[in-house]
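Q: Could you walk me through how to read a model like this one, a feature at a time?
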Amino acid sequence: MTDIISELSGFNSAQKTHKTIFNLLVIIQLMLALTLSGCAATRENTLAEVPPRHSIEEFKDQRFAEVADPWEGFNRNMYRFNYYFDKYLFLPVVSGYEFITPVFLQERVSGFYNNLGEVRNLTNSLFQLKGRESATTLGRFVTNSTVGLGGLFDPATSFGLERHEQDFGKTLGYWGAGSGPYLVLPIFGPSSLRDTGGLAVDSAITYGIYTAIDPFGNTSNSFAISSGITALEAVDTRHQQSFRYYESGYPFEYYMVRFLYHNKRELESGKHPLAE
Amino acid sequence: MMYLKIFFIACLVLLPAQGLAAEDTYGYPIPGSYESTIIGTPAKLMPELPANINTRQLVLDVFPERKKPSIFFYDEGLRCTFAYQDHKAPLVFLIAGTGSSDRSAKLMVMMKAFYQAGFHVITLPSPTHANFIISASQSRIPGDLTEDAADLYRAMEIAWNQVRGDVEVSSFYLCGYSLGGTQAAFVAKLDEERRIFNFRKVLMIDPAVSLYTSSGRIEGLMKKIPGGPKKEGIFFNKMLSKFSEFYRYGNYVAINDEFLYAIYADKLYSSEETAGLIGLTFRINLAGMIFSSDVMTNSGYVVPKNRVLKITDSLSDYFLVSCHLSFFDYFNEYLFPYFQMRRPGLTKQAFIDSLSIKSIEGYLKTSDKFGVMANENDFILTGEDLKYLQQLFGKRTKIYPRGGHLGNLEYKENIAYMIAFFKQ
C-alpha cells in the first residue's frame, strides 16, 4: 500500500521522499483509524429486522449504472476519508490560496501547470501512435512555452490547436486493457486498477524527465524550490476541480460518481481498431 | 469549437422556426418540449453574470435534538447559500425544484442574476431533497404542500435569524421553480398569518397546478419505453450504448457541450426516448427522496425495518429498487397512508385536492403579489392548467411559446422578466 501511494504522489527529490513517506504514514494511520471506527460501530440495535415492502427480487429488469466494484467497502471508506481530508486540510489551503491570490495570477498558475501537463499528453499520444494528435500537442507545448511565456498564457487554443487530455491509463485502455475494478484512491479520488497503474507510470515519467533536466540543480535551495512547486501544483489541481465529496447530498452519490467516472474514461480512452 | 456551437444552435433555430417566424419574436431557440427540458439554455444565450460574488454557505441546525443515522454522517444541517450585498437591499428567497439542492445549476444562475440586480439572495433546497428530509422536515415525509411550506418557512426564519445581524434588508421577496413554485404559493399564504417576512412579491416559475396531476404526467413520459417503466434498466443500458457508439464514431475530443449539442442536432434519440430519459431522471431524483425518507423514519419501505446501515454497506440494491418505484407507488403506499393515519377520515380524493394550488385559490385570487411564468409546451401542465393560471393571475401570468419544463429558465429574456417583476 505504502509503495503504491508514494509512487503516485509524484514527489521528486530524495530529501522530500522521507518527508512524504512520513506524511503518508500519518495519512495511512488516519485511514486505518477511520476504517476501524467504521467496524467498531457495528449494529448496536437489538430489534429484529423486518423485510422491506419492496426488494430487488420483485423487479425483473436489467441492473443499470453498474461498474465492477468488488472493493466497495474499502472504496466507500476511502471516499469518506477524502471528504475529511478535503474538509480539514485540502480545501482550507485551497481557499486560502484563492483568497490571497488575484484571479489573474491564479489563471497564470493554472496555465503554467497545464502546459507542463502537455508533456504527459504528448508522451501518451505518441504511445498511442496518434500522429496528428501528437503534432497538435507538440505544437501547443512549443507555442505556449514560447509565445505563451512558459505556459502562463494559452495562445495555442486561439490558433486552433485543441488540447487533447491523455494519460497512461488511457493509453492502456486504447491498446485494449480493461479498466479493472473501480478504485477510490486516497486524495486522488475515483480511479480504477488500470488507471492507478497509469498514474504511477505517468508520475515515473515526469520524475524521470525532471531528474534528467534538474532545473534547480545549480541553486542551493533546490529542495525548497521543488517542494514548493509540487505543493503549488497540488493546490492548483484541486483549485481547478469543482467536485466536492457528498455535496450533491444525494444518498446514491457514490454510484453516480462511479458511473460517470467509469463511462467517461471508457469513452474518452477509445480503442484502437485492432484492440476492439 | 465556439463556431460549431453556434452552428448547431443555428440549425436548431432555423429548422422549425420558418413557420413561426412571422408572429413570434421570442428568441429562445429550441422548439421541442423534451429537447429544451434536457438541453436547457445554451451558454451564449444566458445573461452575462459575475463570476465571483459574495456568498456564504449557511448550515442550519433546524432540529438540534434530532439524531441522524450514521450513513448520513456528512449531513450537518440544512444547507442554504447566502449571497449578500454590502448595502441595504431587498432579500429574495429562492426555492429549488424537485430533488434539487441549494446549489443546483439553475438556482446558481438565478442567484447571480438577482445579486447582480442588487438583491440579497438565500437559496433553499427542495423539501424533496435528501438534505431537507434529513435536516429540516418535521415529518421526514415530503409531499404534503401545507406541511412542506411550514418546514420551508421555519428554515427561512432560522436562515434569516442567522444573517440578520450582518446585512440590512429593505423588504422580502419569494421565488421558486417547478415544485418550488407551487410551494412558494403555500409559503406566501402561511406568511399572511405569521407575518415575519411580509413578502412584497412572489414569483412562481413553471409551477405545477396540481402535484398529483403533474407527477402523473411526468410518470407518463416513461410509458413509451419498450416494456414500460418496469423495464427502465434495459432502457437505460440501451440509451447508454447508443450514446457510447455515437461518441466512438463521431471523432469527438471529449464529452462536452459540443458533443451534447451534436446528439440533439443529429437526433440521436427519438422523441419517445428523450421523454423516457426525462422520466427516468425524475425517477432517479425520486429514489433519493424515497430512500432518505425511509431511512429517517425506519418505515421498512425499501430498507429492512430496524436495519442500521453502515458506511461501508452497499446501497446498490436500494438504489435500483427505489428507482423502480413510481410517484404513484410512493403516494399510494407511503405518503397517503401516513397522512390518513394522522388525519382519520381523510379520503384519497380529498388529499389529492389538497395538493393543488386550487385548494388555496380563494387566497391567491385576493392577493396581487403573485406572478407566474410558464411555457405553452410545458409537459407538466395541461391546456386547462394554463388557462386556469391565466384566469387566476390575469395580467401577471407570463406565458412563453416554448421552453418545455424549465428549459428557458436561464434564457436572458426570462431572467430579465424575473428581475423586472420584482423591481416593479
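A: Happily! Let's start with the contact between the two chains of this predicted model: chain A brings 40 residues to it and chain B brings 45 residues.

Q: Which helices of chain A each supply at least two residues of the side that touches chain B?

A: Those are α3 (72-100) and α10 (253-269) of chain A. The largest share of that side comes from α3(A), with 6 residues. By character, the side of chain A that touches chain B divides into 16 nonpolar, 11 polar and 13 charged residues.

Q: How should I read a nonpolar core?

A: In soluble globular proteins, nonpolar side chains tend to be buried together. Here the largest nonpolar core has 127 residues, and B:V92 and B:L94 have the most contacts inside it. Helix α10 (residues 271-297) of chain B gives the most to this core, namely 12 residues.

Q: Which residues is B:L94 in contact with, leaving aside its neighbours within four places in sequence?

A: B:L94 is in contact with B:L107, B:M110, B:M111, B:V121, B:T123, B:L124, B:C175 and B:G176.

Q: And what do I do with pLDDT?

A: Where pLDDT is low, the predicted coordinates should not be read in detail. Chain A has a mean pLDDT of 85, with 83% of its residues at 70 or more. Among the elements of chain A, strand β1 (residues 182-185) has the highest mean, 98, and helix α1 (residues 2-8) the lowest, 33.

Q: Where in chain A does pLDDT stay under 50?

A: Residues 1-22 of chain A are one such stretch, with 32 contacts beyond four places in sequence in the model. Residues 38-43 of chain A also stay under 50, and for them the model has 6 such contacts.

Technical notes
Residues numbered from 1 in each chain as written. Chains lettered and ligands numbered in written order. Predicted model: local features only at pLDDT ≥ 70, side-chain atom pairs only at ≥ 80, totals over all residues. Core = buried A, V, L, I, M, F, W, Y, C linked by C-beta atoms within 7 Å. Buried ≥ 20, exposed ≤ 12 C-beta atoms within 10 Å, placed from the backbone. Helix = DSSP H or I, 4+ residues; strand = E, 2+ residues; numbered from the N terminus. Contact = placed C-beta atoms within 7 Å. pLDDT = per-residue confidence, 0-100. Nonpolar A, V, L, I, M, F, W, Y, C, P; charged D, E, K, R; others polar.
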